[in-house]
Protein chains: 2
Amino acid sequence: MMTPALEKYIRNCINISDTDLEKIDSLFEKKNYPKKTILLRDGEICKEESFIIKGCIKTYFIDKEGQEVILTFSTENWWVSDIYSFQEQTPSKMFIETIEDTELLLLTPSNKEKLLQTFPALEKMFRLMVQRHLHSYQERLFGNIALSAEERYEQFLQKYPALPQRISQHLIASYLGISAEFLSRLRTRKAKK
Amino acid sequence: MMTPALEKYIRNCINISDTDLEKIDSLFEKKNYPKKTILLRDGEICKEESFIIKGCIKTYFIDKEGQEVILTFSTENWWVSDIYSFQEQTPSKMFIETIEDTELLLLTPSNKEKLLQTFPALEKMFRLMVQRHLHSYQERLFGNIALSAEERYEQFLQKYPALPQRISQHLIASYLGISAEFLSRLRTRKAKK
DNA sequence: TTCATTTCTTGAACTAGGTCAATGGAATTG
DNA sequence: CAATTCCATTGACCTAGTTCAAGAAATGAA
């Protein structure tokens with residue numbers, strides 16, 4: 001049977017029959033990973049584009065001091081991959097790692113090709129996915145240049161309202177581009193209001 | 001006759017015959033704009049994807065103090081547009097403006113559709129274009145979080161070696177996310193070495 | 001339940017980068 | 001060719017955010 005979350009996601013993008021949906025489902029591989037599993041690391045080729053059924057994932061670079069710089073968090077009903085590395089099958093420069101126990105639907109390059117040949121309508125879905133990523137990077141870059149740490153934190157809380165309960169502060173700090181100590185100060189400052 | 005710059009760009013991506021290239025060319029509209037022409041502004045729908053034959057363009061947001069925050073510079077042989085606004089035909093939140101007198105090849109949504117229907121091989125070219133943009137935003141975001149202003153300036157000089165001779169410092173400062181004064185200090189500090 | 005490990009908070013001293021103001025040079029424009 | 005506006009530099013002072021260190025609180029393992 002088709003995974004409900006993916007079904008909902010697809011139907012949200014395009015019109016498609018039940019029997020077609022079954023065929024689509026068979027091209028995905030369902031997999032479970034415990035937390036702290038590294039799904040992709042620097043230098044490896046990204047071998048799948050994954051739809052998140054359950055869990056939470058961070059995508060990050062490592063800076064020259066060996067610190068993680070988190071680019072995005074991904075949770076239920078989002079896609080996760082290094083889009084560039086996956087499409088071009090070239091080595092990635094980033095890390096993708098689970099933060100919680102996570103359940104994924106994996107799509108390999110060859111299965112994606114089959115999928116798009118059989119259902120060209122899905123081209124649109126993937127184009128949208130890439131565009132949304134691009135859009136989100138633009139907003140994030142703008143925020144990092146134009147906003148103060150406090151404003152970025154507020155922006156983060158709006159974008160990911162459920163995340164603060166799920167992940168630790170130092171991850172949020174890394175995402176915001178500030179030290180964990182300073183985030184703590186922002187939070188106490190905010191609480192006093 | 002086919003515009004040589006575009007011909008070269010396309011042949012770099014795919015194999016295509018001379019007669020086909022001619023047909024492609026006719027779908028683009030060549031236009032000249034003087035410097036300081038705003039091609040797209042906040043709230044407008046992006047009506048074309050343009051290939052730059054000559055000139056230089058900035059893409060920016062306006063922050064709450066009314067300051068420009070430059071996302072990218074685009075020059076010869078690059079595409080410029082608000083990809084998201086163009087594809088979805090939704091209002092843009094950014095500005096696109098010429099910095100120099102600029103010559104563009106404009107592609108409208110309907111002409112792009114014709115183009116892709118006639119030459120599906122070009123899908124790949126546009127997919128690559130979007131991916132490169134995404135890639136460049138990722139690098140830029142990483143740089144803005146993980147690098148000092150001085151390092152970002154060095155990174156900028158490597159990415160755009162010819163630009164400093166063409167554009168003013170305050171534009172570079174806006175791109176780097178620092179004040180024009182501080183960029184000036186960085187430059188004098190660098191010159192002293 | 002206890003011990004250990006990780007996570008969060010707070011203080012004190014520091015620094016990267018900002019703001020404001022003044023100056024002199026370039027470059028447009030009437 | 002003035003006149004004006006825009007541009008780059010420099011100084012003085014300021015602040016957002018950092019680093020290091022040390023406790024406190026929470027979480028997890030056994």
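Here's a quick look at how two protein chains meet each other and a DNA strand in a predicted model.

Local features here need pLDDT of at least 70 and side-chain atom pairs count only at pLDDT 80 or more, while totals for chains, interfaces and linings use all residues. Residues are numbered from 1 along each chain as its sequence is written, with chains lettered from A and ligands numbered from 1 in the order in which they are written.

Let's start with the two chains. Chain B lands on chain A (RMSD 0.0 Å) after a 180° rotation with 0.0 Å of shift along the axis, with the fit done by least squares on C-alpha atoms of residues with pLDDT of at least 70 in both. That's the relation of a two-fold axis. In the interface, 21 residues of chain B are in contact with 21 residues of chain A (C-beta atoms, placed from the backbone, within 7 Å). On chain B's side, α5(B) gives the most, with 13 residues. Since 100% of chain B's interface residues are also interface residues in chain A, the copies meet through the same surface.

Now for the DNA. Around strand C sit 16 residues, and Ser168(A), Gln169(A), Ser184(A), Thr188(A) and Phe182(B) come nearest (near means a C-beta atom, placed from the backbone, within 6 Å). α8(A) brings the largest share, six residues.

Here's the make-up of both surfaces, with Ala, Val, Leu, Ile, Met, Phe, Trp, Tyr, Cys and Pro as nonpolar, Asp, Glu, Lys and Arg as charged, and the others, Gly among them, as polar.

| Surface | Nonpolar | Polar | Charged |
|---|---|---|---|
| Side of chain B that touches chain A | 12 residues | seven residues | two residues |
| Near DNA strand C | four residues | seven residues | five residues |

Terms used: Helices (H or I, at least four residues) and strands (E, at least two) are DSSP runs, numbered from the N terminus. Two residues are in contact if their C-beta atoms, placed from the backbone, lie within 7 Å.
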